[in-house]
Amino acid sequence: MQSYAGIAAQVAAQIRAGRWAPGDRLPTHRALAAEWGVAIATATRVFTELKRLGLVVGEPGRGSFVRDRSIRLVPPEYGPGPDTVYADLSVTQPLSPRRAELLRTALRDLAGAGDLDALLRQQPPGGRPADRGVAAEFLGSRGIDAESDRVFLTAGVQHGLDLVARAALSPGDVVAVDALTYPGFKMLAHAHRLHLAPIPVGPDGPDLDAMEELCLRRRVRAVYTMPTLHNPLGWVLGEQARDRLVRIARANDLMLIEDAAYAFLAEPAPAPLVSRAPERTYWLSSLSKSVAAGLRFGLLVTPPSGKATMTHTLRVHMASPPGLVAAVAVGWLADGTVDALEDAARRSAEEHQRVLRAELHDMDLLAHPRSYFAWLPIDPQQRMDRVAAELSRRGVRICTAEMFATTPHVRHGLRIAVGSPLAELPAALAAVRDALDAVPLG
Ligand SMILES: Cc1ncc(COP(=O)(O)O)c(C=O)c1O
């Protein structure tokens, strides 16, 4: 009789050869057991192995399906091998397993009760007024008081940042950023021909003395900042730092661009900048980190003086989220689903962080206890690209400081994202340790 591993290898080869298309339903455990002449328990192990290989997804009560591998979890070139861990420590995705089921229910409810024709009409810039009202109420429950005409529905934070750049910045503008910052903002600044002025960073936040000095030397237009759960360093700025940042912004007439993509993970946190300086802050968040990045749904709050230009920008680019997405997402804002998923994400992130702390207990990690990632500073003598390449060989994907750096003068480091399933995490983290040991200094 064949072993589960042997059968899994053969079924994996059939999947890779295209016997089934992405999304196709696979035979049931019982049918597979009959086909291969093995016990059902063995068939179950085959499916577990196929899931581990990233070839199959299972949906409770519905069966197993061929995963769409065009949406990659790991780089294509790393096939499984004896040393292969096959994990992705680069993606900071939500960890919720329930979301597919929630979407199914939401679509069913929408089909039964919604005014579907309204969703098919051109959506007003920034979303339908009722939806913006719900979004404003949701933000109010989180301590952000903004009239609904300052709340715009977007297709996520990255989209919102692009809108801010179009509506409120011009090519050549100087934007102060942390020396390590979100790579998406670096790319966006490049595309909009903005000049990034790096501010040195420490474990607790940016060096605000350096920011003040910068404002004396250069005409700075804006600050891009993540005060509540910084990517990649995980800090949450305290009250004093926030107040000082606002004072600097007011003294130098700076616009504040507050990226709150991960802020929900750090709740309760000090009040956001948008509440302290609403006259000059663009605040952005989305459901990417709490619900699903593929939903492409976010919220943008503009200062009162920025709302007319933002409306115009959205009209020019026809860039509001599709009505269908907005209907589902706003429904989840209103009915408590987002609250529940955020709560679950916090607990899950906390659990993953505990595993991370345990596995790499002797390393100097910087991380918020409820974050999807941690920052591991590494020896300046050690080449980060070699460590990443060594990890790649072991089937583990990771981000190096280079992606986040806005200046060459930053400490080397790795960002370890812990979105992988808990079962895989220890092996992947052990691979990080082994790769660091395997790559010589110099
Ligand atoms: C700090 C930060 N902002 C924004 C984003 C992108 O968010 P969205 O999917 O809403 O565009 C990310 C994604 O990794 C991020 O890390």
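**Figure 1. Strand 5 is covered on both faces.** In this predicted model, Val174, Ala176 and Asp178 lie on one side of strand 5 and Val175 and Val177 on the other, and all are buried. In a regular strand the side chains alternate between the two faces of the sheet. Strand 5 spans residues 174–178, and five of its five residues are buried. Its partner here is strand 6, residues 195–199. The two strands pair in the parallel sense over five bridges. Val177 stands opposite Pro198 in strand 6.

**Figure 2. Seven strands form an open sheet.** The strand order is 4-12-11-10-9-5-6, and the pairing is mixed. Strand 4 (151–154) and strand 6 are the edge strands; each pairs on one side only. Neighbouring strands are turned by 20° against each other on average, direction ignored. At one edge, strand 4 runs antiparallel to strand 12, residues 298–301. Four bridges join this pair. Phe152 stands opposite Leu300 in strand 12.

**Figure 3. Helix 7 and helix 8 on the seven-stranded sheet.** Helix 7 covers residues 157–168 and lies across strand 4, strand 9, strand 10, strand 11 and strand 12. Its direction is at about 155° to strand 11 (281–286). Helix 8, residues 183–191, packs on the sheet as well. Helix 8 touches strand 5, strand 6 and strand 9. The direction of helix 8 makes about 145° with that of strand 6.

**Figure 4. A second open sheet has four strands.** The order is 3-14-15-13, again with mixed pairing. Strand 3 (87–89) and strand 13 (373–377) each have a single partner strand, so one side of each is left without a neighbour in the sheet. On average, neighbouring strands of this sheet are turned by 25° against each other, direction ignored. Strands of a sheet pair through backbone hydrogen bonds, either parallel or antiparallel.

**Figure 5. Strand 14 and its partners.** Strand 14, residues 396–400, pairs with strand 3 in the parallel sense over three bridges. Leu89 stands opposite Ile398. Helix 15 (residues 384–393) packs on the sheet and touches strand 14 and strand 15 (413–417). Its direction makes about 165° with that of strand 14. Asp88 has Arg397 of strand 14 as its bridge partner. Strand 14 and strand 15 run antiparallel, joined by two bridges. Here Cys399 stands opposite Arg415 in strand 15. Four of the five residues of strand 14 are buried, so this strand is largely enclosed by the rest of the structure.

**Figure 6. Helix 4 crosses helix 13.** The axes of helix 4 (residues 99–113) and helix 13 (residues 323–334) come within 11 Å and cross at roughly 110°. Helix 4 is therefore roughly perpendicular to helix 13. From helix 4, the contact uses Leu102, Leu103, Ala106, Leu107 and Leu110. From helix 13, it uses Leu324, Ala327, Val328 and Trp332. What kinds of residue make up the contact of helix 4 with helix 13? They divide into nine nonpolar, no polar and no charged.

**Figure 7. Domains along the chain.** The chain is divided into domain 1 (4–70), domain 2 (115–335) and domain 3 (342–438). The centres of domain 1 and domain 2, taken over C-alpha atoms, are separated by 43 Å.

Methods:
Residues are numbered from 1 along each chain as its sequence is written. This is a predicted model: local features need pLDDT of at least 70, side-chain atom pairs count only at pLDDT 80 or more; totals for chains, interfaces and linings use all residues. Side-chain values use heavy atoms; hydrogens and water are left out. Two strands pair if DSSP finds at least two bridges between them. Axes are lines fitted to C-alpha atoms, for helices over the stretch in contact, and angles run from 0 to 180 degrees between N-to-C directions. Contact means heavy atoms within 4.5 Å. Domain bounds come from an automatic or database domain assignment. Angles under 35 degrees count as roughly parallel, over 145 as roughly antiparallel, 65 to 115 as roughly perpendicular and the rest as oblique. Ala, Val, Leu, Ile, Met, Phe, Trp, Tyr, Cys and Pro count as nonpolar, Asp, Glu, Lys and Arg as charged, and the others, Gly among them, as polar. Buried means under 20% relative accessible area, exposed over 50%, partly exposed in between (1.4 Å probe, protein chains only).
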